[in-house]
Amino acid sequence: MTEKKTDTIAVRTGIGTDTQHHAVVPPLYLSTNYRFPALGDVPTYDYARGGNPTRAQLEQALTDLEGGAGAVVTNCGMSAINLVLSLLEAGEHIVAPHDCYGGTYRLLESRAKQGIWQVSFVDQSDHDALDQALAKQPKLVLVETPSNPLLRVVDIAEICQKAHQVGAWVMVDNTFLSPALQTPFALGADMVVHSTTKFINGHSDIVGGAVIAATSELAETLAWWGNCLGATGNAFDSYMTLRGLRTLGARVKQHQHNTEAVLSYLQTVSAVRKIYYPGLASHPGHQIAARQQAGFGSMLSLELDTDQAGVARFIDGLTLFALAESLGGVESLVTHPGSMTHRAMSDAAQAEAGIAPTLLRFSIGLEDAQDLVADLANAFARLEGDTP
Ligand SMILES: *Cc1c(COP(=O)(O)O)cnc(C)c1O
């Protein structure tokens with residue numbers, strides 16, 4: 001049989017597998033516990049923290065989509081990252097991107113302060129900085145590409161090769177692209193993490209996460225820790241996520257189509273000081289993105305040529321873009337990283353990471369592209385004071 005393509009895997013997950021009633025869409029198993037057929041005869045599923053058939057279906061789907069060997073579905077993206085970190089021994093060293101997801105930064109920094117691990121936050125596109133950090137013999141290298149919120153792109157294959165030379169695992173946070181646009185295992189990664197809250201579920205109605213492993217040995221260790229820590233995801237959220245996942249391919253295509261329309265418009269606006277999007281030829285990571293991604297995604301950030309009051313005026317003028325955290329849902333969103341997603345970072349750390357006070361991040365949704373452009377045009381008119 002030929003290998004199935006992403007859209008087919010996503011749509012077909014679990015379809016037609018119900019042997020009891022032949023339901024086309026797989027049923028949802030809510031039961032906490034499962035009957036032992038006889039004393040000493042341990043069933044495949046015994047207690048839902050350790051395993052659940054609905055969650056297992058999602059784990060299989062994510063494993064197939066990423067091209068891994070096994071997965072653990074967790075109750076959120078942060079618990080997926082925490083689960084990966086539980087593989088480390090006390091005092092071991094971690095290398096993380098200096099502009100990583102705010103929650104990841106907070107977790108790493110807080111645990112480092114407690115003396116549990118050592119962490120180096122580095123600009124991984126700076127080869128010297130990366131080499132210096134790798135010289136400290138880290139056990140784990142975290143990679144986030146494109147990064148949040150500046151969409152910096154790093155070369156996954158190159159980082160994996162260098163990290164493996166010093167014996168470190170590489171974990172790639174693939175939340176911003178989903179396996180529809182990037183598959184880090186093909187580039188050498190050891191673990192892939194998702195906040196399934198975002199594109200995988202895609203409807204902004206559950207919080208979930210997953211770790212997918214390149215080897216079954218790593219997958220088994222992660223599953224053991226997932227049960228030990230109580231990090232696993234629940235059945236209902238897994239069901240919702242499977243439902244959302246079926247349309248991943250179609251959604252991502254339309255997300256990108258709309259993003260192109262929004263970008264063409266934004267490039268004509270004088271109040272836009274800078275656009276951060278890997279699809280632009282001027283983006284420093286454009287070449288790498290074109291090589292390692294199957295598309296440029298639907299996340300973009302921009303710096304407005306204004307002050308704090310101007311940013312507030314602009315946001316106030318938007319009606320289709322809700323001012324909210326999160327991303328990757330069907331609805332368009334705007335975020336002010338400085339005061340929202342990245343507020344756990346000090347002003348100095350924000351400046352160091354390049355997060356300007358007038359930076360806005362957009363998650364381009366599935367509304368009509370022309371309506372989105374018109375909404376932005378209204379907000380820019382308001383920013384310029386053309387409308388009351
Ligand atoms: C949202 C997000 C997370 C955290 O996921 P939660 O589901 O909110 O816990 C981690 N990494 C990235 C890149 C994210 O966008």
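Does Leu181 count as buried or exposed, and at what relative accessibility? Let me start there, everyone, and then walk outwards to the whole chain. Please keep in mind that we are looking at a predicted model.

Leu181 counts as buried, at 7% relative accessibility, because the cut-off for buried is under 20%. You will find Leu181 in the loop between E5 and E6. What does Leu181 touch, once we set aside residues up to four places away in sequence? The list is Val252, Gln256, Gln292, Gln293, Ala294, Gly295 and Gly297. If you want a distance to try on your own screen, take Leu181 and Ala71: they are 110 residues apart along the chain, and their C-alpha atoms are separated by 19 Å.

Now let me put that loop into the bigger picture. The protein chain is divided into domain 1, residues 6-245, and domain 2, residues 249-383. Leu181 falls within the bounds of domain 1, and the residues that Leu181 touches, Val252 and Gln292 among them, carry numbers within the bounds of domain 2. How many residues take part in contacts between the two domains? On the domain 1 side there are 36, in contact with 41 residues of domain 2. The C-alpha centres of the two domains lie 26 Å apart.

Asp7 is another residue to look at here. Asp7 sits in helix H1, which covers residues 6-12. Leaving aside neighbours within four places in sequence, Asp7 is in contact with Gly249 and Lys253. Asp7 is partly exposed, with a relative accessible area of 34%. For another distance, Asp7 and Leu65 are 58 residues apart along the chain, with 9.0 Å between their C-alpha atoms.

Let us step back to the chain as a whole. It has 13 helices and 12 strands. Its radius of gyration is 21 Å, close to the 21 Å that the globule rule gives for 388 residues, so the chain is as compact as a globular protein of that length. If you picture a box along the principal axes, the C-alpha atoms fill roughly 75 × 50 × 40 Å. Of the 388 residues, 54% count as buried. As for contacts between residues at least 6 apart in sequence, 70% of them join residues at least 24 apart.

A word on the surface and the charges. The accessible surface is about 17,000 Å², and 51% of that belongs to carbon and sulfur atoms. There are 25 positive and 40 negative charges, and the mean positions of the two sets are 3 Å apart.

Next, a helix on the inside. Why can we call H3 largely enclosed by the rest of the structure? Helix H3 spans residues 77-85, and 7 of its 9 residues are buried, so the helix is largely enclosed. The buried ones are Gly77, Ser79, Ala80, Ile81, Leu83, Val84 and Leu85.

Over in domain 2, have a look at Leu376, in helix H13, residues 369-383. Leu376 is buried, with a relative accessible area of 0%. Apart from residues up to four places away in sequence, Leu376 touches Val262, Tyr265, Leu266, Phe314, Leu318, Phe321 and Phe362. Leu376 and Thr319 are 57 residues apart in sequence, yet 8.8 Å apart in space, C-alpha to C-alpha.

I have saved the backbone details for last. Which peptide bond has omega of about -5 degrees? That is the cis bond joining Thr145 and Pro146. Pro146 is found in the loop between strand E4 (140-144) and helix H6 (156-165). Pro149 is found in the loop between E4 and H6 as well, and the peptide bond from Asn148 to Pro149 is also cis, with omega near 5 degrees.

Then there are two serines with positive phi. Ser178 has a phi of about 75 degrees although it is not a glycine. It is found in the loop between strand E5 (169-173) and strand E6 (191-195), which is where we met Leu181. Ser178 is buried, with a relative accessible area of 0%. Ser204 has a positive phi of about 50 degrees, and it is not a glycine either. Ser204 lies in the loop between E6 and strand E7 (209-213). At 39% relative accessibility, Ser204 counts as partly exposed.

That is my tour; thanks for listening, and I am happy to turn the model around for anyone.

Methods. Residues are numbered from 1 along each chain as its sequence is written. This is a predicted model: local features need pLDDT of at least 70, side-chain atom pairs count only at pLDDT 80 or more; totals for chains, interfaces and linings use all residues. Side-chain values use heavy atoms; hydrogens and water are left out. Buried means under 20% relative accessible area, exposed over 50%, partly exposed in between (1.4 Å probe, protein chains only). Helices (H or I, at least four residues) and strands (E, at least two) are DSSP runs, numbered from the N terminus. The radius of gyration is taken over C-alpha atoms; the globule rule is 2.2 Å times the number of residues to the power 0.38. Contact means heavy atoms within 4.5 Å. Accessible areas come from the Shrake-Rupley method with a 1.4 Å probe; for residues, only the protein chains shown count as cover. Lys and Arg count as positive and Asp and Glu as negative; His and the chain ends are not counted. The place of a charge is taken as NZ of Lys, CZ of Arg, CG of Asp or CD of Glu. Domain bounds come from an automatic or database domain assignment.
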